[in-house]
Amino acid sequence: APILELDDVGKSYGNVHALRGCSLRVRQGEVTCVLGDNGAGKSTLIKIISGLHDHSEGVMKVDGEATRFGSPREAQTGGIATVYQDLALAPLMSVWRNFFLGNEIRTGLLRVLDIERMKQICHDELAKMGVVIPDLDRPVGGLSGGQRQCIAIARAIYFGARVIILDEPTAALGVKQSGVVLKYIVKARDAGLGVIFITHNPHHAYLVGNHFVILKLGRVVLDAHRDELTLQQ
Ligand code: ADP
Ligand code: ADP
């Protein structure tokens, strides 16, 4: 069963219909790629799923139940985590502190765990996904964009995400760093997460995607799984 379902979801800002009649299924163990030009409604879709905006029409279901998230915190509690372009990392803070940043109160970790233990968790979680950062005391600001993306994603997974929404994670990266992040996306998928991969880059989408959704002027104009995309002669 899909973890996340949208049925005929719409959103208007005044008389601008940013999204209309949007139906979508997101399953765990799949990368759902959402493509579309500027103004297509991608951000609006992310904001609805991540609890920043309420939808004006239609139904959103999580685990089969109609849901309206009142805030990103609520979405996160439901296992839906969004990794925005700015990543919400503090550049001057160390890798391991960033890893726990924002989750200290929720988990009581800063009180319960000692620093060495926290560094170990951070190291292990990144290593699991094939990312090795030799010095976890380094400020994240000195790392590559690809490594920063991976830290933000690993953090979301460690703190209970079942679905991660990645907002243009490769947009600011070169070929090599994009490769690091794309590999990481595949690992997250194979670990059983649902991944929503928002991108402008059809090549990146095709490299890692199982499921492709194209938005145009607020509408879904294509929704296909990989095996439905065979090229016709
Ligand atoms: P994308 O992320 O694909 O570029 P958006 O979801 O940002 O698309 O925008 C979809 C449409 O909704 C655009 O026409 C945009 O101008 C409009 N829009 C987005 N947010 C707002 C807002 N807060 N108020 C008014 N119009 C908005
Ligand atoms: P809300 O009040 O529901 O939080 P806002 O109107 O403040 O929504 O807008 C949310 C985001 O959309 C902001 O980042 C804003 O800059 C952006 N936005 C506002 N108007 C537009 C528009 N016409 N097109 C695209 N984005 C917009």
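Modeller: A polar contact is a pair of N or O atoms within 3.5 Å. The model discussed here is predicted.

Colleague: What makes alanine 40 a polar contact of ligand 1?

Modeller: A backbone N or O atom of alanine 40 lies 3.1 Å from an oxygen atom of ligand 1. That value is within 3.5 Å, so the pair counts as a polar contact. For glycine 39, a backbone N or O atom is 2.6 Å from a ligand 1 oxygen, and for serine 43 an N or O atom of the side chain is 2.5 Å from one.

Colleague: How much of the accessible area of ligand 1 does the protein cover?

Modeller: On its own, ligand 1 has 560 Å² of accessible area, and the protein covers 60% of that. Two or more residues of the shell come from each of β2 (16–26) and α1 (42–49). The largest share, three residues, belongs to α1.

Colleague: What makes up the shell around ligand 1 by class?

Modeller: Four residues are nonpolar, five polar and two charged. Among the residues surrounding ligand 1 are Asp37 and Lys42; Asp and Lys count as charged.

Colleague: Why are α6 and α7 called roughly perpendicular?

Modeller: The axes of α6 (residues 115–128) and α7 (residues 145–158) cross at roughly 105°. Angles of 65 to 115 degrees count as roughly perpendicular, so the two helices are given that name.

Colleague: Which residues make the contact?

Modeller: The axes come within 10 Å. Ile121, Glu125 and Leu126 of α6 meet Cys150, Ile151, Ala154 and Tyr158 of α7. By class, this contact has six nonpolar, no polar and one charged residues.

Terms used. Residues numbered from 1 in each chain as written. Chains lettered and ligands numbered in written order. Predicted model: local features only at pLDDT ≥ 70, side-chain atom pairs only at ≥ 80, totals over all residues. Heavy atoms only, no water. Near = heavy atom within 4 Å. Polar contact = N/O pair within 3.5 Å; in protein donor to acceptor, adjacent residues only side chain to side chain. Areas by Shrake-Rupley, 256 points an atom, 1.4 Å probe, with all protein chains shown as cover. Helix = DSSP H or I, 4+ residues; strand = E, 2+ residues; numbered from the N terminus. Axes fitted to C-alpha atoms, helices over the stretch in contact; angles between N-to-C directions. Parallel < 35°, antiparallel > 145°, perpendicular 65-115°, else oblique. Contact = heavy atoms within 4.5 Å.
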